[in-house]
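Got your viewer open? Let's walk through this one stop by stop, selecting as we go.

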Amino acid sequence: SISFSNHENFSTEIKIYSLSGKLVYNSKVEIKSAQLVDKIDVSNFPIGNYIVTITSNGEQSTRKLVINR
């Protein structure tokens with residue numbers, strides 16, 4: 001799950017890429033409350049490493065996602 005906490009309304013875009021650069025997930029969320037927890041179903045993603053980018057209010061954050069089973 002991905003969580004956000006803020007005191008303003010804002011728009012957020014979440015993208016997940018395979019290490020080969022293929023976009024495998026894309027979501028745009030309008031956040032109108034102080035906190036949001038977004039659960040992303042990755043059960044159909046193959047085992048491996050991914051890059052998650054979160055863009056909000058013109059700022060971008062990048063994280064590594066590892067899927068093991």
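Start by clicking on K15: is this residue buried, partly exposed or exposed? K15 counts as partly exposed, because its relative accessibility is 23% and the partly exposed class runs between 20% and 50%. Bear in mind throughout that you're looking at a predicted model.

**The salt bridge**

Keep K15 selected and add E13. These two form a salt bridge, with 3.9 Å between the closest N and O atoms. Don't go hunting for others: a search of the whole structure turns up one salt bridge.

**Zoom out: the overall layout**

Now switch to cartoon view. You'll see six strands and zero helices in the protein chain, so from the N terminus on the order simply reads β-β-β-β-β-β. The chain has 69 residues, and 29% of them count as buried. If you turn on a surface, the exposed area is about 5,000 Å², with carbon and sulfur atoms supplying 47% of it. Among contacts with a separation of 6 or more, 48% are between residues 24 or more positions apart.

**Strand β5 and its partners**

Colour β2 (residues 10–18) and β5 (residues 48–56). They run antiparallel and are joined by seven bridges. Remember E13 from the salt bridge? Its bridge partner in β5 is T55.

Next, add β6 (residues 59–67), which is also antiparallel to β5, with nine bridges joining the two. Look for S56, which stands opposite E59 in β6. β5 and β6 make a hairpin with two residues between them. Select N57 in that turn and check the backbone: its phi is positive, at about 50°.

**Into the core**

Hide the cartoon and show side chains for I14, I16, I40, F45, Y50, V52, I54 and I67. These eight residues make up the largest nonpolar core. Two elements, β2 and β5, each give two or more residues to this core. Of the elements, β5 gives the most, with three residues.

Which ring pair should you look for next? Pick F45 and Y50. By the ring-pairing rule there is one aromatic pair, and these two form it: the arrangement is tilted, at 5.5 Å centre to centre with 45° between the planes. F45 counts as buried because its relative accessibility is 12%, and Y50 is buried too, with a relative accessible area of 5%.

Stay with the core and click I67. Leaving out neighbours within four places in sequence, I67 is in contact with V42, F45, P46, I47, G48 and Y50. So both rings of the aromatic pair you just looked at are on the contact list of I67.

**Last stop: P46**

That list also includes P46, so select P46 next. You'll find it in the loop between β4 (35–38) and β5. Is P46 buried or exposed? P46 counts as exposed, because 54% relative accessibility is over the 50% cut-off.

What does P46 touch, apart from residues up to four places away in sequence? The answer is I67 and R69. Measure across to R69 before you finish: P46 and R69 are 23 residues apart in sequence, yet their C-alpha atoms are 9.5 Å apart in space.

Definitions and conventions
Residues numbered from 1 in each chain as written. Predicted model: local features only at pLDDT ≥ 70, side-chain atom pairs only at ≥ 80, totals over all residues. Heavy atoms only, no water. Salt bridge = Lys/Arg side-chain N within 4 Å of Asp/Glu carboxyl O. Buried < 20%, exposed > 50% of the residue type's maximum accessible area, 1.4 Å probe, protein only. Phe/Tyr/Trp six-rings, centres within 6.5 Å; stacked < 30°, edge-to-face > 60°. Pairing = 2+ DSSP bridges. Helix = DSSP H or I, 4+ residues; strand = E, 2+ residues; numbered from the N terminus. Contact = heavy atoms within 4.5 Å. Core = buried A, V, L, I, M, F, W, Y, C linked by side-chain atoms within 4.5 Å. Areas by Shrake-Rupley, 256 points an atom, 1.4 Å probe, with all protein chains shown as cover.
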